[in-house]
Amino acid sequence: RVVLASLYIGVGSKVANTVSATSMCSEEGGHKCREDEFLDALSAASGRNLKKIQVVLDANRAMRKVPLTKTSNSKLGREETSLRTNSADAVYSRLVPHLAKLEGSLDDNGNSGLFLFPVNDKRLSTILPSPLDEVAGVFHIKAYIIDDELILSGANLSEEYFSNRVDRYISFVHGGGGVVEFYADLCDILSSYSIKYDGQTVNDSTLLSMFSTKDEEDRKRTLEQSLKQFFYEGNKIMDHVYDRTAPNNVVAHAIPTFQVSNRFFRGRSLPFPSDQEATFSLIRTVVKIDPSASIRLSSAYLNLTRSMLSVLTIFGNRKNLHHIPMDSIIRADEETFGVPYVLTAGLTSHGFAPKGGSRAQITGIVERVKASVPEAFITLVKDAALSITASGGKVLMYERPGWTFHAKGIWITSHGNADKCNNRELISDTSSLVSTIIGSSNYGARSYELDVESNCILIFSESSGINKEEMRQNGDSVRDFVAAEWNDLCKYCSELKHSDRESNSS
C-alpha cells in the first residue's frame, strides 16, 4: 500500500510538456527535478499490484493554480508561454491510469484515489479567493506510509523540501508497534470526509459545488463520530500490539495526537485531548517531576499563543510554578531550574523570504504581502523573547545561506543535561533526553486555532538509555539522532540579543 497525507505535492517540471516557473526544477540537459522523480515513482507504484494507493491533500492548496512556463529551444533562444496547473491535477494524472484496477478490487473499499480535505466551510470559501482562503486554515498533516513503514514529518513533498529547506522526519519501521497502522486508519477516516477528486468535478478550481450545505454538515457529523470512536479504541489497538513480555525492546512510547479547530465542528470540541492539550500536559508533568528539566522548541513560523508562552516560561522560573502544589514536586529542593530555548527562522532563511533576498522587484499585492511576512514574524519573535529570556532562556535565529527553515518540534531534557557550558542550549548529554515531539504543528496560533494537525509524542524508555556504556558503543541510538537534530540546527543559529529586542521597540 501507499498512503500519503500532505498539505500539497509539487507539480514537477513536466506537466503536459511544461516547466514550472515557481520551483527550482530544471530540464536543461535532460535532467529531471526531484518533483519529477517523486511523481514518476508514484506513477510506477500505482502500476504495481497494490492493495491501496491513497493521497490526501488540503483542498484549497491542492487546487491553487500554479504558474508554469513552457520552454522550447531554438536558434532564437527560449520561447516562453504562460501556463497554469495545480497539485491535484499533477497527482491525479499519475494515478488515473491505474485507479480503475485498484477501485475494482475487493481489498480497496473505495479508499484508493486522490482525496481533497476541505478545512474551510462554504461561507469562507465564498468570501476568500485563492490563495487567501488558505489563511483561514489548511489540512497540515504530513504522514507518508509505504507498506508497514511510516515517515512522519513537517515537510511537504515538493522541490524545496527535497533540496534546501531544512525540516525533520522520523521513520517508524515494521509497523512501529502499532503507530503505522494508527496513521493508516486515521487517513482512511479523513479521506472518508474528503472530496474524491476525479479531474473533472472541479470547475475553475472552485470547491463550492462539491458540497451542499447539508451534505457538508452531515459529513462533519460522520467524521466527528468516526474520530471519537477511533481515538477511544486506539488504546485497545496499541495494547494488542505491545509486547509486554519484552519491555527491554521498547525504545520509546509513542502517543499520536490530533488537532482540529473547534470552529470546524461548529464550536463542538472532540472528547479526547487535542494536540495542544496533550503537549501542555506532557510539559507540566515533566516540570512537576523534575523542575530542573529544560525544554527546547523549534518552529518555522513562531507565533506563540499566550498559553504556550505561559507553559514554556514555567521552565527556569520558580515563581511560575505557583499553580503546581510544591509538595507534589518531586525535587522541590533543587537549586537549579531548567530553562526554555526557542529556535526559529531568521530573515534570510524564513520560508516567505523573497527569492534572491531582494524585495525591490516584487509586484502584485499577494507577493508584497508574502514578502512582508518574515519581518512581521521577527516582530512576534522579539515580543516572545522578552518572556523567554526573563526565564533565563535563549531565543535562537536560524540563518543559513541558500537554505530556508521549516523544522519544528520539541525536545525535553532532564536535570542530567550539562546546561552550564557556554553553549548551554546544546543537548550535551544524550541520555538526559526525556521526550521529543515531531510532526506538522508549528505550536502557534494558527496550528492550534485553524489548521488540522498531527504530532507524535515520543517518551523515551528508561531502559533505552540506562546503560551509558552501551549507548556510547551504539552510535545509531534513537536518542543520539534526536539530540543531534537539535544540535545540528544550533550550528546555524545566532542568539537574539537584548540590543536586537530594543531595536524593535524603538
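With a relative accessibility of 11%, Lys52 falls under the 20% limit and therefore counts as buried. That is a good place to start a tour of this predicted model. From Lys52 we move on to the aromatic pairs, of which the whole structure holds 17, and then to the cavities, where the count is two of 30 Å³ or more.

**Around Lys52**

- Lys52 sits in the loop that runs between helix 1 (34-46) and strand 3 (53-58).
- The side chain of Lys52 has a polar contact of 3.0 Å with the side chain of Asp188.
- Asp188 also appears among the contacts of Lys52 once neighbours within four places in sequence are left aside, together with Arg1, Val2, Val3, Leu102, Asn111 and Ser112.

**Aromatic pairs**

- A search of the whole structure turns up 17 aromatic pairs.
- In one of them, the ring centres of Phe117 and Tyr193 are 5.1 Å apart with the planes at 55°, so this pair is tilted.
- Phe117 belongs to strand 8 (residues 113-117) and Tyr193 to helix 6 (residues 179-193), so that distant parts of the chain, 76 residues apart, are linked by the pair.
- Phe117 counts as buried because its relative accessibility is 1%, and Tyr193, also listed with a relative accessible area of 1%, is buried as well.
- Phe280 and Tyr448 make an edge-to-face pair, with 6.2 Å from centre to centre and 80° between the planes.
- This pair, too, links distant parts of the chain: Phe280 lies in helix 8 (residues 275-289) and Tyr448 in helix 11 (residues 445-449), 168 residues apart.
- Phe280 is buried at 7% relative accessibility, and Tyr448 is buried with a relative accessible area of 7%.
- Elsewhere, ring pairs join Phe182, Tyr183, Phe230, Phe231, Phe258 and Phe272 into a cluster.

**Cavities**

- The model has two cavities of 30 Å³ or more.
- The second largest cavity holds about 40 Å³ of space.
- Lining the second largest cavity are Val119, Val260, Ser261, Arg263, Phe264, Leu450 and Val452.
- Sorted by class, the lining of the second largest cavity comprises five nonpolar residues, one polar residue and one charged residue.
- Ser261 is the polar member of this lining and Arg263 the charged one.

How values were computed. Residues numbered from 1 in each chain as written. Predicted model: local features only at pLDDT ≥ 70, side-chain atom pairs only at ≥ 80, totals over all residues. Heavy atoms only, no water. 1 Å grid on protein atoms, 1.4 Å probe; cavity = no way out; pocket = protein on both sides within 12 Å on 5 of 7 lines; lining within 4 Å. Points joined across faces, edges and corners; volume = space filled by probe spheres on them. Helix = DSSP H or I, 4+ residues; strand = E, 2+ residues; numbered from the N terminus. Buried < 20%, exposed > 50% of the residue type's maximum accessible area, 1.4 Å probe, protein only. Polar contact = N/O pair within 3.5 Å; in protein donor to acceptor, adjacent residues only side chain to side chain. Contact = heavy atoms within 4.5 Å. Phe/Tyr/Trp six-rings, centres within 6.5 Å; stacked < 30°, edge-to-face > 60°.
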